Amino acid sequence: IKMVDDMIAVLKKEQQDDDAKKEYCGTQFDHTDDKKKALERTVEEHENAIATAKEAITTLTEEIASLEKGIKELDKAVVEATEQRKAENVEYKELMAADGAAKDLLNFAKNR
């Protein structure tokens, strides 16, 4: 009978230890689950940030291409305007030379 009582006491002690370990494990599972959920939210936030950044990169790339096209068009317009000004300058110089020659001719005719 003594051995049975001792065995019961040992089993009760083991049961208490098992209950304490079960409670500890349950608490650890809860903490781990909370950490997992927090990490999953963080990953989702980072994925959203990456997607937003990729959209911004795409938009900026399109804007850069558009601006480069505009710059090329402006460069072309500047070249055309420069050529036009040079042509107008040549015409002006020819006109001034012709006017000078006409004045000289009129002065020559006048002095005769």
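**Figure 1. Asp-6 and Lys-2 pair up in a salt bridge.** In this predicted model, the side chains of Asp-6 and Lys-2 come together with 3.5 Å from N to O. The term salt bridge here takes a side-chain nitrogen of Lys or Arg within 4 Å of a carboxyl oxygen of Asp or Glu. Both residues sit in helix α1, 4 residues apart, which is about one turn of the helix. Helices are DSSP runs of H or I with at least four residues, strands are runs of E with at least two, and numbering goes from the N terminus. Asp-6 is partly exposed at 38% relative accessible area, while Lys-2 is exposed at 59%. For these labels, buried means under 20% relative accessible area, exposed means over 50%, and partly exposed is what lies in between, with a 1.4 Å probe and protein chains only.

A word on the model: local features need pLDDT of at least 70, side-chain atom pairs count only at pLDDT 80 or more, and totals for chains, interfaces and linings use all residues. Residues are numbered from 1 along each chain as its sequence is written, and side-chain values use heavy atoms, with hydrogens and water left out.

**Figure 2. Asp-17 and Lys-13 form a salt bridge within helix α1.** The closest N and O atoms of this pair are 3.5 Å apart. Asp-17 and Lys-13 are 4 residues apart, so about one turn of helix α1 lies between them. Both partners are partly exposed: Asp-17 has a relative accessibility of 34%, and Lys-13 has 47%.

**Figure 3. Lys-37 and Asp-33 make another salt bridge.** Here the closest N and O atoms are 3.6 Å apart. Why are Lys-37 and Asp-33 separated by about one helical turn? Because they are 4 residues apart in helix α1. Lys-37 is partly exposed, with a relative accessible area of 43%, and Asp-33 counts as partly exposed too, at 34%. A search of the whole structure turns up 3 salt bridges.

**Figure 4. Four acidic residues gather in a negative surface patch.** The members are Glu-14, Asp-18, Asp-19 and Glu-23. Patches are built from residues with over 30% relative accessible area and no salt bridge, joining like charges within 9 Å and nonpolar side chains (Val, Leu, Ile, Met, Phe, Trp, Tyr) within 5 Å. Lys and Arg count as positive and Asp and Glu as negative, leaving out His and the chain ends. Each charge is placed at NZ of Lys, CZ of Arg, CG of Asp or CD of Glu. Asp-18, one of the patch members, lies in helix α1 and is partly exposed at 45% relative accessible area. For the chain as a whole, the mean positions of the 19 positive and 27 negative charges are 6 Å apart.

**Figure 5. Tyr-92, Leu-95 and Met-96 make a nonpolar surface patch.** This patch covers about 300 Å², with accessible areas from the Shrake-Rupley method using a 1.4 Å probe; for residues, only the protein chains shown count as cover. Leu-95 belongs to helix α1, which runs over residues 2-111, and is partly exposed with a relative accessible area of 46%. The accessible surface of the chain is about 10,700 Å², and 60% of that belongs to carbon and sulfur atoms.

**Figure 6. Gln-16 and Thr-52 mark out a stretch of the chain.** How far apart are Gln-16 and Thr-52 in space? Their C-alpha atoms are 54 Å apart, with the two positions 36 residues apart in sequence. Gln-16 is in helix α1 and is exposed, at 53% relative accessible area.

**Figure 7. Gln-84 and Asp-5 span a further stretch of the chain.** The C-alpha atoms of these two residues are separated by 117 Å, and the residues are 79 apart along the chain. Gln-84 lies in helix α1 and counts as partly exposed, at 48% relative accessibility. Turning to the whole chain, there are 1 helix and 0 strands. The radius of gyration is 47 Å, well over the 13 Å that the globule rule gives for 112 residues, so the chain is more spread out than a compact globule. That radius is taken over C-alpha atoms, and the globule rule is 2.2 Å times the number of residues to the power 0.38. The C-alpha trace spans about 160 × 15 × 10 Å along its principal axes. Of the 112 residues, 0% count as buried.
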